[in-house]
Amino acid sequence: MNERQQIPVISIVGAKSNSGKTTLLEKIIREAKRRGWRVATLKHDVHGFEMDQPGKDTWRHAQAGADVVAISSPHKIAIIESVTGDQSLDEVLARIQGVDVIFTEGYKHGNKPKIEVYRSAVHQELFSNPEELIAIASDIAFDNGIPCFGLDDAQGICDLIARMFGLG
């Protein structure tokens, strides 16, 4: 089995914007780091984004036509690549290595195990099919056989991830 197949990928999803996905993911990341896990995150943005700042050298390189712009420092490396279309989740994941777990946000139609964030003030029903879910994070209890955690229970969620994927 290659390293790519060994890194668990878990998608944090919700039916709508402002459901609390990012807030929950921040808590999970902090708990995972407390446990010593190396963590990668992947956010899908259907609207496009700009990571580089106008006027900076790397922005100028891209404006001049570079297809890949990389910047490196003693503490960070960033690579910005121009693409002709939306890359599949697996294509993007193939670029990530050297971590214990990858969390995605915004890939609610992806084919990875999911934790759905459900807030009763925002949602009427679960978005995901039950067979896609490894857990639900919610302000109400669900009795559908899927582990359900409170919206603040990053420890319980990480315990589940550790058991399911063999993380220490």
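Strands β3 and β4 form a hairpin, with four residues between them. Strands and helices here are DSSP runs (E, at least two residues, for strands; H or I, at least four, for helices), numbered from the N terminus. This is a predicted model, in which local features need pLDDT of at least 70 and side-chain atom pairs count only at pLDDT 80 or more, while totals for chains, interfaces and linings use all residues. Residues are numbered from 1 along each chain as its sequence is written, and side-chain values use heavy atoms, with hydrogens and water left out.

**The hairpin and its patch**

Let us stay with the hairpin for a moment. β3 pairs with strand β4 (residues 77–81) in the antiparallel sense over five bridges; pairing requires that DSSP finds at least two bridges between two strands. Within this arrangement, Val-69 has Ile-80 as its bridge partner in β4. Val-68 belongs to β3, which covers residues 68–72, and is partly exposed at a relative accessible area of 49%. For these classes, buried means under 20% relative accessible area, exposed over 50%, and partly exposed in between (1.4 Å probe, protein chains only).

Val-68 also joins Ile-77 and Ile-79 in a nonpolar surface patch of about 330 Å². Patches are made of residues with over 30% relative accessible area and no salt bridge, with like charges joined within 9 Å and nonpolar side chains (Val, Leu, Ile, Met, Phe, Trp, Tyr) within 5 Å.

**Two buried strand residues**

Next comes the interior. Thr-104 sits in strand β5 (residues 101–105) and is buried, with a relative accessible area of 0%. Leaving out residues up to four places away in sequence, Thr-104 touches Val-9, Ile-10, Ser-11, Ile-12, Leu-42, Leu-89 and Leu-93. Contact means heavy atoms within 4.5 Å.

Lys-114 lies in strand β6 (residues 114–118) and is buried too, at a relative accessible area of 0%. Beyond its neighbours within four places in sequence, Lys-114 has contacts that include Ser-11, Tyr-107, Ser-128, Glu-132 and Ala-135. A polar atom of the Lys-114 side chain lies 3.3 Å from the backbone oxygen of Lys-112.

**Salt bridges**

Side chains of opposite charge can pair when their charged atoms come close. The structure holds eight salt bridges, each being a side-chain nitrogen of Lys or Arg within 4 Å of a carboxyl oxygen of Asp or Glu. Three of them are listed here.

| Pair | Closest N to O |
|---|---|
| Arg-35 and Asp-159 | 2.5 Å |
| Lys-43 and Glu-105 | 3.6 Å |
| Lys-114 and Glu-132 | 3.6 Å |

The Arg-35 and Asp-159 salt bridge links distant parts of the chain: Arg-35 is in the loop between α2 (21–34) and β2 (39–43), Asp-159 is in helix α5 (residues 154–165), and they are 124 residues apart. Arg-35 is partly exposed at 23% relative accessible area, as is Asp-159 at 30%.

The pair of Lys-43 and Glu-105 joins strand β2 to strand β5 across 62 residues. Lys-43 counts as exposed at 52% relative accessibility, whereas Glu-105 counts as buried at 6%.

In the salt bridge of Lys-114 with Glu-132, the partners are 18 residues apart, with Glu-132 in the loop between β6 and β7 (133–138). Buried Lys-114, at 0%, thus meets a partly exposed partner, as Glu-132 has 25% relative accessibility. Elsewhere, salt bridges that share partners join Glu-31, Arg-34, Arg-35 and Asp-159 into one network.

Conventions: Accessible areas come from the Shrake-Rupley method with a 1.4 Å probe; for residues, only the protein chains shown count as cover. A polar contact is a pair of N or O atoms within 3.5 Å; within protein, one must be able to donate a hydrogen and the other to accept it, and residues adjacent in sequence count only if both atoms are side-chain atoms.
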